[in-house]
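Please look through the structure shown here, beginning with how two helices cross and moving on to strands, domains and the contact between chains.

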Amino acid sequence: MTRGRRIRNALMGGVFSVSGWVAIVFIFLIFLFTFKETIPIFTDPEVRHEANVEKFFVESQEGPTITDRYVWQPTSDVPKVSLWPIILGTLKATLVGLLFACPIGVAAAMFTSEFAPARMREIIKPVIELLAGVPSVVMGFFALIVLATWLQEVFGFTYRLNAINAGLALGFALVPIVYTISEDGLSAVPRAYREASYALGATNFQTAWTVVLPAAAPAVFASFVLAFGRAIGETMILLMAGGNAAITSFSLFDPLRTLSATIAAEMGEVVVGSAHYSALFFMGTLLFAITFVSNTVGQWIIARMQRRMQGAAR
Amino acid sequence: MRAMNRAARMVFTLTLVLAVAACGGRESRSTFGTDGSHPAPVADNKPLSIKGSDTMVILGQRLAEEYMTANRGTVVQVNGGGSGTGIAALINGTVDLAMSSRSMTDDEKEKVKQNRGSDVVEEPIALDALGVFVNSANPLQQLTIAQVRDIFRGKTTNWNQVGGPTAPIVLYGRESSSGTYDYFREHVLDKGDFAPRVQTLQGTAAIINAVGQDRNGIGYGGIAYAKNVRALSIASDSGPAIAPSEQTVAGGTYPLSRKLFLYYPQNAPERARKFVQWSLTPEAQALVTQVGYFPLTKAQ
Amino acid sequence: MKRRLIDKFMITLLGLSVAIILAILVVIVANIAIHGARAVTWEFITQAPRQGLTAGGIMPAIVGTAALVLLMTIVAVPLGVATAVYLHEYTPAEGLNLAWRRFRVSKGMAGRRKLFFRAMSALLATITRSAVANLAGVPSIVFGLFGLGFFIQFIGRNIDRATQPPGEVLWGQGSLLWAACTLALLTLPTVIVATEEALRTVPQDLREASLALGATQWETIRRVVLPSSLSGILTGAILGISRGAGEVAPILFTGAAYYLPYLPGDVTDQFMHLGYHVLILSTQSPDVEATKPLLYGTVFVLLALTFLLNLTGVIIRSRTRSRIQR
């Protein structure tokens, strides 16, 4: 082999190895830089005067109801930086979204993988994946302009933009995630399981419900976890359709404000280095941590599922 | 296999060439005339960047369009985001002029001095009336400032407590980056806090839209945007209820009138100063009325 | 017979959920198509907005989106393909568990050191795959924060400090370059996963034959593996593009502007963007009645663009897959 070829081979091998590090480096950097801007919350006394962990989670104002006591108003004369209204808003939207997407997604996946004829499956699967291709800003637009009006007309809400409107639109965006992964999991269940069940006299649906679905439970659960991660981090839909009122309220009919929407809306006005700036980055780090944990858990479950499926298929 | 290699290489090179061409020098930038057409490329000139108040952004854009037509070769770009956004950008050094519907705080002026090395110049260019809006179907015609304060602080929660129908009051307000928000908080809420229930919207027009669609809604914003909603007459603590109009605003009798400002550091480039001077000329002030605000009187 | 009836009933319920999902998609698309198609005229696509965004067209937003996406692809695709090639071609195929077990079992054998490095390589591959999956899960707004904190404040400001007169800010602010880099990070996982899938479809025998004939690993990749997986790589690129074209959160603080009187001519320029335009017109519109048709038109163009790209990618992918299965 000529030296040229050998050098080129070694060089390209090096290039590829370096690029292999890219993903690791950037995940690390993302965490580092979002956390870096949060550090003043723990160290800088001027920033700590306005925003610190205690103020985020513990401090409360005078007031009869929890809505009065936990308030997010960072630009007030006396800045109030309780994160509870925002966290609660995030959880409300996620709850409604998952409540909609999970049952419907799994049911559709079951139908597609167990009962639909092959040709129907080839049409349904890409079409539902098309729903995944709708940009979230378009979904938010739809929820703001069309869905909110329709919901208010049908159900007579006091607030046009509320947790149900935003959560429902979020659910629309989550369904393809739940569907795709659950369907993959259901299809991967070995035929032997189904055939054994039929041999024992079970009907189609009984088999699907009591044999196939439990066998695919890890995949289904993983899809829920990934949908959860997506819901927590979703920005546009909730910014446009949620009403943007940071209130500590358990009612689903009230408007809400999520962590990502707060960052998106308030980042534009902050002076770099101010307490408000650090508080927003704190929220960003929180979001990153939550999604990191939920994604790692989801991944681990999928890996276990794959190993188990491979073991069973032998 | 070989043909595909060559084809792939050609596509790749073509893309690269296109990319490089797209990254051409600033000299190739073309601007749009006020009719949306593209005139010939203009001489190289760093664009004047203006940012800030959503209340003022339409005015800013109209002024920019006229200024660019009157001064061929200049480029002015205007962006909104709220007075706070503009002031923050001024402090951060990423814009030349900040539009603001409230005056800068001493703290902010200090930060400009620190970051940009000179004092900030405050230049009012128009007058605005802050309207309190309700849906056209709402029978109310007027409110006192004290009543508005209690409504937006969350103490008054039902329309029947202020003489309206029995229905919950739905509050619409602005983001904290807004000068309108700050002005309202200072002059109506007496520096108190908004009720948590206020739905924060970006931009006065969004508030108008929301109130227009919600018969129980109430909101506030610059009067220039008022369409399909009713601007209430406002009574200050001692006087009668005054409706917002050119006379009452210029005359100072409408209790919620305010100046709209342009801010720039003293050491700002010439292009910023020129623009500000121009906006005080009669032809520019005529635009102010066109957009829906009130020109500065001779006293101001 | 009762069991049969319950069975049929439950299956119908399941089918109903599919119908619901399809209905939602149809309603969204139809609503946008009906209201939007009316607004999309030739002037709409070729003119700039005027009169404070209440009239005119969205041409600068289309150009801005195209420029952004092009730049993003130039950054993301080579990097993503390279990472996928590394993961598939340069790391042991047997996975971490097996590699580690082989090393542990090899007490005192001659190739112990080699097996150790093989196991470490497998570990790195597992961590990298995990990092890719985590990158895919990072919320888009956090990417925006990262773009602001890293690309703009850290890299951009330092470049300014080194190259610009004091006080002037050129690289340390939002621009096409930084927005494209931020978006490239966001779409990287899509490209990596699709490319790995494509690489997997190349039979191992082909690689072994090439190596047996004396080619180096790089030559094998360049002349055998990559050309035959080109369509899969293309799918990944297209899917990544369609995803990047629709994301708005990452560009909020990294360069998007809602009214610029010029087209971006330089990577340091700001840009208008279809998705960002939709956001602004929906929430900050100066006159909601006047801009509603424009808003619908913009949404229509954006949706048409992303759907077209998505559909192309999906079709190519399913055709490649069915070719393999046959």
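A crossing of two helices is called left-handed if the near helix is turned anticlockwise from the far one by less than a right angle, and right-handed if it is turned clockwise. In this predicted model, helix H7 (residues 84-115) of chain A passes helix H13 of chain A in a right-handed crossing. Two packed helices are described by the angle between their axes and the distance between the axes. For H7(A) and H13(A), the latter spanning residues 217-233, the angle is about 145° and the axes are 10 Å apart. The side of this contact that belongs to H7(A) includes Thr90(A), Thr94(A), Gly97(A) and Leu98(A), while H13(A) contributes residues including Val220(A), Phe224(A), Ala227(A) and Phe228(A). When the residues of the contact of H7(A) with H13(A) are sorted by character, 10 are nonpolar and 3 are polar, with no charged residue among them.

Thr90(A), one of the H7(A) residues that meet H13(A), is also touched by Leu259(A), a residue found in helix H15 (residues 259-266) of chain A. Not counting residues up to four places away in sequence, Leu259(A) touches Ile86(A), Ile87(A), Thr90(A), Met283(A), Leu286(A) and Leu287(A). Why does Leu259(A) count as buried? It does so because 25 C-beta neighbours lie inside 10 Å of Leu259(A), and a residue is buried if that number is 20 or more. Ala215(A) is 44 residues apart from Leu259(A) along the chain, and the C-alpha atoms of the two are separated by 36 Å.

Chain B can be approached through its strands. Strand E1 (residues 48-52) of chain B pairs with strand E2 (residues 76-79) of chain B in the parallel sense, over 4 bridges, and within this pairing Ile50(B) has Val78(B) in E2(B) as its bridge partner. Val76(B) and Val78(B) point one way from E2(B), whereas Gln77(B) and Asn79(B) point the other way, and all of these are buried.

Strand E12 (residues 257-265) of chain B is likewise mostly covered, with 8 of its 9 residues buried. This strand, E12(B), pairs with strand E3 (residues 97-100) of chain B in the antiparallel sense over 3 bridges, and there Ser100(B) stands opposite Phe261(B). E12(B) also pairs with strand E4 (residues 120-135) of chain B, again in the antiparallel sense, over 9 bridges, with Arg258(B) in E12(B) as the bridge partner of Asp128(B).

The domain assignment of chain B gives domain 1 as 27-126 + 260-291 and domain 2 as 128-257. The C-alpha centres of these two domains of chain B lie 28 Å apart, and 14 residues of domain 1 are in contact with 13 residues of domain 2. On the side of domain 1 of chain B that touches domain 2, helix H2 (54-70) and helix H3 (83-92) of chain B each supply at least two residues, and H3(B) gives the most, with 3 residues. By character, the residues of that side divide into 3 nonpolar, 9 polar and 2 charged.

Finally, chains A and C meet in a contact that takes 66 residues from chain C and 69 residues from chain A. Helix H1 (residues 2-37) of chain C gives the most to the side of chain C that touches chain A, with 16 residues. The residues of this side of chain C divide into 42 nonpolar, 21 polar and 3 charged.

Conventions. Residues numbered from 1 in each chain as written. Chains lettered and ligands numbered in written order. Predicted model: local features only at pLDDT ≥ 70, side-chain atom pairs only at ≥ 80, totals over all residues. Contact = placed C-beta atoms within 7 Å. Nonpolar A, V, L, I, M, F, W, Y, C, P; charged D, E, K, R; others polar. Buried ≥ 20, exposed ≤ 12 C-beta atoms within 10 Å, placed from the backbone. Pairing = 2+ DSSP bridges. Axes fitted to C-alpha atoms, helices over the stretch in contact; angles between N-to-C directions. Domains from an automatic or database assignment.
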